[in-house]
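User: I have a model to look at and some terms I don't yet trust. Can we go through how each label is earned?

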Amino acid sequence: MHRPRAARRHRPGLRDLLRILEHTPALVLGRRLDVLASNQMARALLTDFDALPHRERNLVRFMFCDEIARSLYAHWDTHAQDIVASLRRDAGRHPHDPLLAELVGELSIKDEDFRRWWADQNVYRHTHGSKHFHHPIVGPLTLNYESLTLPADPDQRLSVYTAEAGSSSEEALRLLAAWIRLPETSHGQHADH
């Protein structure tokens, strides 16, 4: 039986792409919605996946196990259902993935919503749309996202979040970019006020 690798790697060129998208939240997702890489803006918008243990760098686990996600997403239940349906699609493509089975089992035990939505058997492919956030630093944002499957590795996709030109969300992203450029010692002081 074929066993998938625990952690997939992204190509160095993708890391460079994430770096040059410095004003736009962007991340590379792999199988099981594992977060393989993210830029500074994505870490500031969502959570610092790089600071988490490898096992915890997963968008589904973040959505259901981290209280920050429940307050961050304005329509948490809608986004969470879409994430479950996307994971269900991945399960259809890789039905014998033991790491996926482990993730589904863990979340089914921990979260009643996940268990119910997984049982619905909805399948969804995230390619584009919009998400609404209540960010603790910059307030409400409505961001559009594009999720592009990488031709060289169909199990990886680049997700990029953008704001409509001239919108308050665009201004909020600018403020978030300025905030992450503050000296490290200022972050704690800034977040407390």
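Analyst: Gladly. Keep in mind that this is a predicted model. Begin with one facing pair: Phe133 stands opposite Leu141 in strand 4.

User: How do you know that strand 3 and strand 4 pair?

Analyst: Count the bridges. Eight of them join strand 3 (residues 128-135) to strand 4 (residues 139-150). Pairing needs at least two bridges, so these strands pair. They run antiparallel. A hairpin of three residues links strand 3 to strand 4.

User: What joins strand 4 to strand 5?

Analyst: Seven bridges, between antiparallel strands; strand 5 covers residues 153-162. The cut-off is at least two bridges, so this also counts as a pair. Here Tyr145 stands opposite Tyr161 in strand 5.

User: What makes strand 2 and strand 3 edge strands?

Analyst: Each pairs on one side only. Strand 2 spans 35-38. The open sheet has five strands in the order 2-1-5-4-3, with antiparallel pairing. Its twist averages 25 degrees from one strand to the next.

User: Why are helix 5 and helix 7 called oblique?

Analyst: Look at the angle. The axes of helix 5 (residues 76-93) and helix 7 (residues 112-119) cross at roughly 50 degrees. Under 35 degrees would be roughly parallel, and 65 to 115 roughly perpendicular. The crossing fits neither range, and therefore the two helices are oblique to each other. Their axes come within 9 Å, and the crossing is right-handed.

User: Which residues make that contact?

Analyst: Helix 5 brings several, including Trp76, Val84 and Leu87. Helix 7 adds others, among them Phe114, Trp117 and Trp118. By class, the contact residues are nine nonpolar, one polar and three charged.

User: What about helix 6 and helix 7: what angle do they pack at, and why is that oblique?

Analyst: Helix 6 (residues 98-110) packs against helix 7 at about 125 degrees, with the axes 5 Å apart. Roughly perpendicular stops at 115, and roughly antiparallel starts over 145. The angle lies in between, so helix 6 is oblique to helix 7. This crossing is left-handed.

User: Which residues meet there?

Analyst: Val104, Leu107, Ser108, Ile109 and Lys110 in helix 6 meet Glu112, Phe114, Arg115 and Trp118 in helix 7. They divide into five nonpolar, one polar and three charged.

User: Where does helix 8 lie, and at what angle to strand 4?

Analyst: Helix 8 (residues 168-180) lies across strand 3 and strand 4. Its angle to strand 4 is about 85 degrees. The roughly perpendicular range is 65 to 115, so that term applies.

Terms used. Residues numbered from 1 in each chain as written. Predicted model: local features only at pLDDT ≥ 70, side-chain atom pairs only at ≥ 80, totals over all residues. Heavy atoms only, no water. Axes fitted to C-alpha atoms, helices over the stretch in contact; angles between N-to-C directions. Helix = DSSP H or I, 4+ residues; strand = E, 2+ residues; numbered from the N terminus. Left-handed = near helix turned anticlockwise from the far one by under 90°. Contact = heavy atoms within 4.5 Å. Nonpolar A, V, L, I, M, F, W, Y, C, P; charged D, E, K, R; others polar.
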